[in-house]
Amino acid sequence: MKQTIQFTAIIERENDGYVSLCPELDIASQGDTIEEARNNLIEALELFFETADPSEIQERLHTEVFVTRLEVNIG
């Protein structure tokens, strides 16, 4: 039985494309567009879960990830 789990995706522009990161598992991908970077990250995560040993999944998985904005004084 397949299970669906939600993960965080952080996508940022890098040069002429986009880099996507799942901080819960520290898995990244890239693409020419935001949607392509997102879809490639989903594919990378699915491949990871298909091939990884359960102990590796447990070792890499961060169950609490917080994304926030910070105010920093500069200059």
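In which strand does Ser20 lie? In this predicted model, Ser20 belongs to strand E2, which covers residues 17-22. This serine makes a helpful starting point for a walk through the structure, beginning with its surroundings and then moving out to the fold as a whole.

Is Ser20 buried or exposed? Its relative accessible area is 0%, and because the cut-off for a buried residue is under 20%, Ser20 counts as buried. The side chain of Ser20 has a polar partner there: the backbone oxygen of Ala37, reached at 2.8 Å. Ala37 also appears among the residues that Ser20 touches once those up to four places away in sequence are set aside. The other residues on that list are Ile10, Ile11, Ile27, Ala28, Ser29, Gln30 and Leu41.

Attention turns next to the aromatic side chains, where two aromatic pairs are found. One of them joins Phe48 and Phe49, whose ring centres are 5.5 Å apart; their planes meet at 70°, so this pair is edge-to-face, as the cut-off for that class is over 60 degrees. The two partners can also be described by their accessibility. Phe48 has a relative accessible area of 9% and is buried, whereas Phe49, at 32% relative accessibility, is partly exposed. The ring pairs also bring in Phe7, and together Phe7, Phe48 and Phe49 form a cluster.

What pattern does the protein follow when read along the sequence? The order is β-β-β-α-α, made up of three strands and two helices. The protein is more spread out than a compact globule, because its radius of gyration is 15 Å, well over the 11 Å that the globule rule gives for 75 residues. Along the principal axes, the C-alpha trace spans about 50 × 30 × 20 Å.

A few totals complete the picture. Of the 75 residues in the protein, 21% are buried; Ser20 and Phe48 are both classed as buried. Among contacts with a separation of 6 or more, 24% are between residues 24 or more positions apart. The protein exposes about 6,600 Å² in total, and carbon and sulfur atoms supply 47% of that area.

How values were computed
Residues numbered from 1 in each chain as written. Predicted model: local features only at pLDDT ≥ 70, side-chain atom pairs only at ≥ 80, totals over all residues. Heavy atoms only, no water. Phe/Tyr/Trp six-rings, centres within 6.5 Å; stacked < 30°, edge-to-face > 60°. Buried < 20%, exposed > 50% of the residue type's maximum accessible area, 1.4 Å probe, protein only. Helix = DSSP H or I, 4+ residues; strand = E, 2+ residues; numbered from the N terminus. Polar contact = N/O pair within 3.5 Å; in protein donor to acceptor, adjacent residues only side chain to side chain. Contact = heavy atoms within 4.5 Å. Rg over C-alpha atoms; globule rule 2.2 N^0.38 Å. Areas by Shrake-Rupley, 256 points an atom, 1.4 Å probe, with all protein chains shown as cover.
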